[in-house]
Amino acid sequence: MIILKSETIEKIDKLVPRYPTVRSAALPLCHLVQEDQGYLSNESIEWIAERLELQPINIQELVTFYPMLRTKPTGEYHVRVCRTLPCALSGAYQTCRSFEKEFECKVGHTSKDGKVTLEFVECHADCGKGPVVMVGEDEYTDIDPEKAAGMAAKIKSGELSNGL
Amino acid sequence: MSHQETRLIFKHIDEEGYTNDIDCYVKNGGYDQLKKAVTMQPEDICAEVLTSGVRGRGGAGFPAGMKWKFLDRKSGKPIYLICNADESEPGTFKDRQIIHQDPHQLIEGMICAAFAIQAKLAFIYVRGEFFEGYKILERAIEEAREKNFLGDNILGTGYSCDIIVHRGAGAYICGEETGLIESLEGFRANPRIKPPYFPAALGAYQCPTIVNNVETLCDVKHIIEMGGEGFAKIGTPGNTGTRIWCVSGHVQKPGYYEFACADITLGQLIYDVCGGLKPGRKLKAVIPGGSSSKILRADERFTGKLKDGTEYDWGIEDIPMDFDSLMAVGSMSGSGGVIVMDDTTDMVEALANINYFYAHESCGQCTPCREGVPWMRKVTQRMVDGEAREEDADLLKSIADQIAGRTICAFGEAASWPVQSFIAKFKDEFVEKAQEQAARRKEGKETAEATTLI
């Protein structure tokens, strides 16, 4: 069984009755449990299903559909680089290569020391300030390869907020 | 034509000292239109919105008043209002500004709209990546509730309405209104087929539902303020109100700029407003309405007849920025995302980038899209990887032609239009790519070149 923080439980208990159907609360609960646990384990999925009187597959099918839901924990820092066209036109791929070099980690993977998970993501709707990078829940804009190297240094030293 | 912005929705965006809390909003006349709206008859508000001619700002450009008119009010079922804040069309970043900097404008517009359609429960479906935006909206709703602009017995009128902020989780397809509804109901966001599932008749929880974009709902507030006729004076007939153009890519000053419809041409937007291109670069192409819209080539001539019969003969820079003009030149104003590309852009790479996006985002429900879009991605990826074939351009077009029009939702078109238009306008570059690689292969050289866009 998973153990959730009391504030998570409180949020869940407040949220579920607001919806016309309990199933509507499925995606919000996935978010809340993921924020609490860092990722959605099988146990978490079963817990959400039981809370909403659904079958685990009803939650599992959401987890496999929605890109932001994950079944594995990320590194301490979760670095997401937007690679969609407007950001790419501003140099997002070069930005990502700079991160790869600094973290010694290929995009789509977690660094060996478990510090950083580096991912490509699709458009984050801030295309006027590309390349856009997110660290945890914090957004950074206009990140050219040089700035990326600076951010990477601060991540390695633990100076940068992990955005959570 | 003037180059002065008409800031209606973005009046306070980036204004010094303007904060996103309710006190600042009220100080600037906020919620006055709600106070006015609740003294009106709901059907009169709907009539004003119809008169205003406001067209949906989310992409399709369907008249919002007409959408409201289709609402099934006789079913006896509850009516829902949904704000589509799943802003995710590549190149679009206007709703983000409203949510972050002026959330009460959206909330006021929503309550006015909810009152007009007599919805008792409304949702803001906000994309999951807007972590901060979600918190801002939640706080703004609490503030509005405390002041009785929202919740039970709003302003003592006996009318009650609540707003739930519902977070998405990274799926582009949730921007499609029926996919959004599926997602809201706790399912995978597989769009529903229309008919019968027109949300106005069978929407959320199989009840009549109106889904409007953030900007459209903000417009409702201004329609109440100016009246439908007053609003319709902005812009041109059939293209009323303002549009927020989000300009990205190879311009000196990317950003968001609000103009009355047709008040500015594409050329003025790029060269005068956005400071033109980088020194020494030339314009190559523009995607005018988000990545799904068809690309325009810089040296094209656009000729034909507009809906009202006037003949036009435009270069790319002469195209007036409004719904009908962009449609006339074979593209669309879509969600207002203008992506500018200069002469350093490799069109095969650009299309490979776009195809990667759509292949990632196909929901997988319809076979032509689920199989076809990743196939197109594979072809363009192979081309940039050094294995381009001269016949690839025709192959890509043939796949795209077999997707568009054969899917449940418009994603099939959204994914096909870029391919069809890139091939129609830049086929030479696709063929040359193959020829260059063949030549390098003959010389015993590496066929692939370093890429920048994929």
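This passage walks through a predicted model, starting with the overall build of chain B and then turning to a sheet in chain A, the contact between the two chains and the nonpolar core.

Chain B makes a good starting point. Its secondary structure comprises 16 helices and 13 strands. Along the principal axes, the C-alpha atoms of chain B occupy a box of roughly 80 × 45 × 45 Å. The radius of gyration of chain B is 23 Å, which agrees with the compact-globule expectation, because a compact globule of 454 residues would have a value near 22 Å. Burial can be added to this picture: 56% of the 454 residues of chain B count as buried. The contacts within the chain also reach across the sequence. Among those in chain B between residues at least 6 apart in sequence, 72% link residues at least 24 apart.

In chain A, attention turns to an open sheet. Five strands build this sheet, in the order β2-β3-β1-β4-β5 (chain A), with mixed pairing. Its edges are formed by β2 (109-110) and β5 (138-140) of chain A, each of which pairs on one side only. Further in, strand β1 (residues 77-82) of chain A runs antiparallel to strand β4 (residues 133-135) of chain A, and three bridges join the two. A helpful landmark here is Arg80(A), which stands opposite Met134(A) in β4(A). A helix accompanies these strands: α6 (residues 92-103) of chain A lies across β1, β3 (116-121) and β4 of chain A, and its direction makes an angle of about 155 degrees with β1(A).

The two chains meet through a contact to which chain B contributes 43 residues and chain A contributes 32 residues. On the side of chain B that touches chain A, at least two residues each come from β3 (162-167), α8 (177-184), β7 (242-249), β8 (255-260), β13 (337-342) and α13 (347-361) of chain B. Of these, α13(B) gives the most, with six residues. By character, the residues on this side of chain B divide into 19 nonpolar, 17 polar and seven charged.

Finally, the interior deserves a look. The largest nonpolar core contains 190 residues, and Cys30(A), Met110(B) and Ala122(B) are those with the most contacts inside it. The surroundings of Cys30(A) can be followed residue by residue: leaving aside residues up to four places away in sequence, Cys30(A) touches Leu40(A), Ile48(A), Ile59(A), Leu62(A), Val63(A) and Leu69(A).

Methods:
Residues are numbered from 1 along each chain as its sequence is written. Chains are lettered from A and ligands numbered from 1 in the order in which they are written. This is a predicted model: local features need pLDDT of at least 70, side-chain atom pairs count only at pLDDT 80 or more; totals for chains, interfaces and linings use all residues. A nonpolar core is a set of buried Ala, Val, Leu, Ile, Met, Phe, Trp, Tyr and Cys residues joined through C-beta atoms within 7 Å. A residue is buried if 20 or more other C-beta atoms lie within 10 Å of its own, exposed if 12 or fewer, and partly exposed in between; C-beta atoms are placed from the backbone. Two residues are in contact if their C-beta atoms, placed from the backbone, lie within 7 Å. Helices (H or I, at least four residues) and strands (E, at least two) are DSSP runs, numbered from the N terminus. The radius of gyration is taken over C-alpha atoms; the globule rule is 2.2 Å times the number of residues to the power 0.38. Two strands pair if DSSP finds at least two bridges between them. Axes are lines fitted to C-alpha atoms, for helices over the stretch in contact, and angles run from 0 to 180 degrees between N-to-C directions. Ala, Val, Leu, Ile, Met, Phe, Trp, Tyr, Cys and Pro count as nonpolar, Asp, Glu, Lys and Arg as charged, and the others, Gly among them, as polar.
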